Amino acid sequence: MLIRKNEKQTDYWKKFFQTVFANLEEVLIAADVDSDRLEYVSPNAERLLGVRQEEHASAGYLLQQIGLAESCDLTMFRRRDSGEEERYLINIQTGGELWCRCCWSFLRAFPNEEEKIIINVSDRSKERASMDRIRQDLQEAERSNAAKSRFLTTISHDMRTPMNAIMGLTDLAMEHMEEQEKVQEYLYKIARSSTHLLELINDVLDMSRIESGRMALEQRPFDLDELLDDVMDIIRPQAEAKMQVVETNWNIFCPKVTGDPVRIRQVLINLLSNGVKYTQRGGRIVFQLAQNCQEDLQEKAAQGEVRIRIYDNGYGMSETFQQIIFEPFAKENTERSQEIEGTGLGMSITKSLVDLMGGKLSVESRLGEGSTFTVDIPLELRYDDKAQEGEKSGEEVQGFDCSGYRILLVEDNEMTADVLTDILELMGAEVDQAGNGEQALEVFGRRPAHTFDVILMDVQMPVMDGYEATRKLRSMSEEGRDVPIVALTGNAFTEDIQASQAAGMDHHLTKPVKKKDLEAVLRQVLGAREHR
């Protein structure tokens, strides 16, 4: 009876330990060292390591198979400095790898009995993957912080350069007020430095929108011929100042297309401006554009593409720099390139814009011989003449006379308000000012009906912003619904224009406001009122 009871207890504990180990992420292996006999393998070893006890007579061979030992000799474990380590083990059925913690120990129950080795294997794959992710995230955060630090250092230096010029030239102009020629020269240089500073700010804003994934493209009809003429109006004076020759070769069979004209213009100006900047005085720049179509030309709309090649015989670039030219802040470290203004953001922005449009951008260059940029941009072709009805003409608007018109200017920045007021009064307009949206509502409601012909409304203001003020104006009276409202804002992105329209504004002017742009919008707005 006692023997049978002991046998039952033995069976019970055997089943108990089998059940426990079957549900653990732990594998227990026991073997006789002298005979190399495998004495026990826990049931979960098959699930984790693909090991079946009945298939392995040799313990050393099994440990070698799963990657725990380099040879079949079990005594080699005695030579280890420690009785535990972490390493990859192999599932011999699937070939997959697991990161495991392995511990071993030797024991001898009695002095004359065989020596046993007990090995415990713990699956640490999940913990290892989690630690790898944390380590990767940490490295990414460190790279991001380093990039931000470089960005702030670079952009601070580049912005201070034109700002110092503006401040210094302003002081000089004030000291030589009686010398008209000198003052004109200083003002010209101030305007040039201001333009450069604005380009830097625009680059920073564009880069921020691109990196955050908030850059939105516009899809609208436009005339490709007109866009190219606009681009050349900007590039030719730059090239002429360096006595460079700009050759154009455009093959356009369908000028009416659909796409984002603002961003396409930006891509072309970036590439051509770089050609001018990085080409010596008296050099040559070639601007080629060819249009092709992938559909039947009889269709009113077909998928097309433009291929642009911009070649220059300028300084060129090294093969090493060509590998990083599209990365932010990339500037070749040569004496000549360091003298040229720029943040190193232009090519990165250009590449990102081309990618957003579904296009391709590549570069070929040889140091000292010149560079060729090739751009492919998909553009829907429009064969329907009505597709572009209502599109504004590319004709330059100059000298618009605002005599007899009264304008309500809503602007919280006193200096900006004074500058705009001076410009409007030079154009002949009468101007009333309001410092925020709430004041604008008071002024508008206090004046007799039809006092104001147009409202120029800043968007970001204290107390009440331009969006809310516009919505309230549109709901307060019939006159409030009809008066044209033009947004004045530093936000120049597509979604900002859409937000202005959604609030009830009729047009959108981006700060800093240029006189010719203000004249163009007022002619359009006030001309429309006259023809009602």
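# Notebook: rings, cores and strands

**Aromatic pairs.** I looked for paired rings and found that the structure holds 3 aromatic pairs. The model I am reading is a predicted one.

I took Trp250 and Phe287 to begin with. Their rings form an edge-to-face pair, with 5.6 Å from centre to centre and 70 degrees between the planes. I then looked up where the two residues sit: Trp250 is in strand β7 (residues 245-251) and Phe287 in strand β9, 37 residues apart, so the pair links distant parts of the chain. Is Trp250 buried or exposed, or something in between? I noted a relative accessible area of 26% for Trp250, which makes this residue partly exposed. Phe287 is buried, at 0%.

Next I turned to Phe444 and Phe452. This pair is stacked: the centres are 6.2 Å apart and the planes are at 20 degrees. Phe444 has a relative accessible area of 5% and is buried. Phe452 is also buried, at 2%. I checked the reasoning against the cut-off: both count as buried because buried means under 20% relative accessible area.

I also looked at one charge beside a ring. The charged end of Arg128 sits over the ring of Trp99, and the distance to the ring centre is 4.0 Å.

**Cores.** I asked which residues have the most contacts inside the largest nonpolar core. That core has 45 residues, and the ones with the most contacts are Leu268, Leu272, Phe287, Ile308 and Phe373. I listed the elements that each supply at least two residues of this core: α5 (180-211), α6 (224-241), α7 (261-277), β9 (284-293), β10 (301-312), α10 (346-356), β11 (360-366) and β12 (370-382). Leu268 was the residue I followed further. Leaving aside neighbours within four places in sequence, Leu268 is in contact with Leu227, Leu228, Val231, Phe287 and Ile308. I also recorded a second, separate core of 27 residues, which includes Val33, Val41, Leu62 and Ala69.

**Strands β11 and β12.** I went along β11 and wrote down which way the side chains point. Leu361, Val363 and Ser365 point to one face and are buried. Lys360, Ser362, Glu364 and Arg366 point to the other face and are not buried. β11 runs antiparallel to β12, and 7 bridges join them. Which residue of β12 is the bridge partner of Glu364? I found Thr372 there. The hairpin of β11 and β12 has 3 residues between the strands, and in this hairpin Gly368 takes a positive phi near 85 degrees.

**Strands β15, β16 and β17.** I read strand β16 (residues 485-489) next. It is mostly covered, with 5 of its 5 residues buried. Ile485, Ala487 and Thr489 point one way, while Val486 and Leu488 point the other way. I then looked up the partners of β16. β15 and β16 run parallel and are joined by 4 bridges; across this pairing, Met457 stands opposite Ala487. Strand β17 (residues 507-510) also runs parallel to β16, again with 4 bridges. Leu488 has Leu509 of β17 as its bridge partner.

**Two single residues.** I compared one loop residue and one helix residue. Val463 lies in the loop between β15 (454-458) and α13 (466-476). It counts as exposed, at 61% relative accessibility. Not counting residues up to four places away in sequence, Val463 touches Asn436 and Glu438. I also noted that Val463 and Gln439 are 24 residues apart in sequence and 9.2 Å apart in space, C-alpha to C-alpha.

Ser348 lies in helix α10. Ser348 is buried, with a relative accessible area of 3%. What does Ser348 touch, not counting residues up to four places away in sequence? I wrote down Met207, Phe326, Glu327 and Pro328.

**Confidence.** Last, I looked up the pLDDT values. The chain averages 82, and 81% of the residues score at least 70. Among the elements, helix α9 (residues 335-338) has the lowest mean pLDDT, 56, and strand β13 (residues 406-410) has the highest, 95. Over residues 385-397 the pLDDT is below 50, and this stretch has 18 contacts in the model beyond near neighbours in sequence. I left that stretch alone, because predicted coordinates should not be read in detail where pLDDT is low.

Methods: Residues are numbered from 1 along each chain as its sequence is written. This is a predicted model: local features need pLDDT of at least 70, side-chain atom pairs count only at pLDDT 80 or more; totals for chains, interfaces and linings use all residues. Side-chain values use heavy atoms; hydrogens and water are left out. A nonpolar core is a set of buried Ala, Val, Leu, Ile, Met, Phe, Trp, Tyr and Cys residues joined through side-chain atoms within 4.5 Å. Buried means under 20% relative accessible area, exposed over 50%, partly exposed in between (1.4 Å probe, protein chains only). Contact means heavy atoms within 4.5 Å. pLDDT is the predictor's confidence in each residue, from 0 to 100. Two strands pair if DSSP finds at least two bridges between them. Rings of Phe, Tyr and Trp (its six-membered ring) pair if their centres lie within 6.5 Å; planes under 30 degrees apart count as stacked, over 60 as edge-to-face and the rest as tilted. A charge sits over a ring if NZ of Lys or CZ of Arg is within 6 Å of the ring centre and within 35 degrees of the ring normal.
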